[in-house]
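Work through these exercises with the model open beside you. Try each task before you read its solution.

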Amino acid sequence: MAQTLLMPKATAIWLVDNTALSFDQIAQFCKLHPLEVKAIADGEAAQGIKGLDPISTGQLSRDEIARAEANPNHKLKLSEPKVRVPESKRRGPRYTPVSKRQDRPNAILWLVRNHPELKDAQISRLVGTTKSTIEQIRERTHWNSANLAPMDPVTLGLCSQIDLDMEVEKAAKGRPLPTAAELGATLQSAQETERLTPSYEREEEKEKEIDADAVFRKLSSLRSAPKDEDDDQY
């Protein structure tokens, strides 16, 4: 990884103010145009920017500055860093160890059956396979389809549970809501619900069906009962 100068303009301001380097030397070291360095020296550019000491940051040594001041043709060189920062790996297809590659078809079959919402690209990221292989396993045209058995890719060590949960969550966000038939619900139609009448209406109808003559006969029998008892006493 090529070394780069931190805050080149602030470094150029410090070199202009604290060294006898030429504008060309500073411009070459800071990747600026010589006229821009001259404008900094004249106070016409980079106003309000605080100079950065390249010696304190470990990017330039005092001996290197002294050599450049003694020789106008000398080009400043960045000092070797004391700490090496590892290069970030380029994100690409997941690497699968040779010992576990034979388990990938079983993992793909498990994902296809248990998580049909996952896209082919997501399955590829999880187990490090190709879309053609996924299609063959899904359509049962894989050369070893008869011997495949669904196996959890997390158990096989092909991916982590966190990665699997993240992909499932992403797929669930774009999935449409399940219908009533999918949930197994038995909803009544609108026509059936319209035919239903409230319970209090049914009670009123029952009260209307009561015979009024029967009610009066019952009342008259209750009134005549005390008179009969008095007659028996005499």
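## A loop residue with positive phi

**Exercise 1.** Place Lys31 in the chain, then describe its backbone and its exposure.

*Solution.*
- Step 1. Lys31 sits in the loop between α2 and α3. The model here is a predicted one.
- Step 2. Look at the backbone. Lys31 is not a glycine, yet its phi is positive, about 55°.
- Step 3. Check the neighbour in sequence. Lys31 follows α2.
- Step 4. Now the exposure. The relative accessible area of Lys31 is 70%. The cut-off for exposed is over 50%. Lys31 is therefore exposed.

**Exercise 2.** Find where Met7 lies, and decide whether Met7 counts as buried or exposed.

*Solution.*
- Step 1. Met7 belongs to the segment before α1.
- Step 2. Its phi is near 50°, a positive value in a residue other than glycine.
- Step 3. Met7 has 52% relative accessibility, so Met7 counts as exposed.

## The chain as a whole

**Exercise 3.** Summarise the secondary structure, burial and surface of the chain.

*Solution.*
- Step 1. Count the elements. There are 13 helices and zero strands.
- Step 2. Turn to burial. Of the 234 residues in the chain, 26% are buried.
- Step 3. Take the surface. The chain exposes about 17,800 Å², and carbon and sulfur atoms supply 52% of it.
- Step 4. Ask how far contacts reach along the sequence. Take the contacts between residues at least 6 apart in sequence. Of these, 61% join residues at least 24 apart.

## Buried residues of two helices

**Exercise 4.** Which residues of α1 are buried, and what covers them? Do the same for α2.

*Solution.*
- Step 1. Start with α1, residues 8-18. Its buried residues are Ala10, Thr11, Ala12, Ile13, Trp14, Leu15 and Val16.
- Step 2. Find their cover. It includes α2, α3 and α4.
- Step 3. Go to α2, residues 23-30. Gln25, Ile26, Ala27, Phe29 and Cys30 are buried there.
- Step 4. Find the cover again. For α2 it includes α1, α3 (34-41) and α4 (62-70).

## Three helix pairs

**Exercise 5.** How do α5 and α7 pack, and which residues make the contact?

*Solution.*
- Step 1. Locate the helices. α5 spans residues 104-114 and α7 spans residues 131-138.
- Step 2. Read the geometry. The angle is about 65°, and the axes are 10 Å apart. That makes α5 roughly perpendicular to α7.
- Step 3. Note the hand. The crossing of α5 and α7 is right-handed.
- Step 4. List the contact. α5 gives Pro105, Ile108, Leu109 and Val112, while α7 gives Thr133, Ile134, Ile137 and Arg138.
- Step 5. Sort by class. The contact of α5 with α7 has six nonpolar, one polar and one charged residues.

**Exercise 6.** Repeat the analysis for α5 and α6.

*Solution.*
- Step 1. The axes of α5 and α6 come within 11 Å and cross at roughly 140°. The two helices are therefore oblique to each other.
- Step 2. The crossing of α5 and α6 is right-handed.
- Step 3. From α5, Arg104, Ala107, Ile108, Leu111 and Val112 meet Ile123, Leu126 and Val127 of α6.
- Step 4. The contact of α5 with α6 has seven nonpolar, no polar and one charged residues.

**Exercise 7.** What is the angle between α6 and α9, and which residues meet?

*Solution.*
- Step 1. α6 covers residues 120-127 and α9 covers residues 161-173.
- Step 2. They pack at about 175°, with their axes 10 Å apart. That makes α6 roughly antiparallel to α9.
- Step 3. On α6, take Gln122, Arg125 and Leu126. They meet Asp163, Leu164, Glu167, Lys170 and Ala171 on α9.
- Step 4. The contact of α6 with α9 divides into three nonpolar, one polar and four charged residues.

## Two single residues

**Exercise 8.** Is His115 buried or exposed? Which residues does His115 contact?

*Solution.*
- Step 1. His115 lies in the loop between α5 and α6.
- Step 2. Its relative accessible area is 18%, so His115 is buried.
- Step 3. Leave aside neighbours within four places in sequence. His115 is then in contact with Trp110 and Val168.

**Exercise 9.** How many residues separate Ala172 and Leu118 in sequence?

*Solution.*
- Step 1. Ala172 is in helix α9.
- Step 2. Ala172 and Leu118 are 54 residues apart in sequence. In space they are 8.4 Å apart, C-alpha to C-alpha.
- Step 3. Ala172 has 46% relative accessibility, so Ala172 counts as partly exposed.

Notes. Residues are numbered from 1 along each chain as its sequence is written. This is a predicted model: local features need pLDDT of at least 70, side-chain atom pairs count only at pLDDT 80 or more; totals for chains, interfaces and linings use all residues. Side-chain values use heavy atoms; hydrogens and water are left out. Axes are lines fitted to C-alpha atoms, for helices over the stretch in contact, and angles run from 0 to 180 degrees between N-to-C directions. Helices (H or I, at least four residues) and strands (E, at least two) are DSSP runs, numbered from the N terminus. Angles under 35 degrees count as roughly parallel, over 145 as roughly antiparallel, 65 to 115 as roughly perpendicular and the rest as oblique. A crossing is left-handed if the near helix is turned anticlockwise from the far one by less than a right angle, and right-handed if clockwise. Contact means heavy atoms within 4.5 Å. Ala, Val, Leu, Ile, Met, Phe, Trp, Tyr, Cys and Pro count as nonpolar, Asp, Glu, Lys and Arg as charged, and the others, Gly among them, as polar. Buried means under 20% relative accessible area, exposed over 50%, partly exposed in between (1.4 Å probe, protein chains only). Accessible areas come from the Shrake-Rupley method with a 1.4 Å probe; for residues, only the protein chains shown count as cover.
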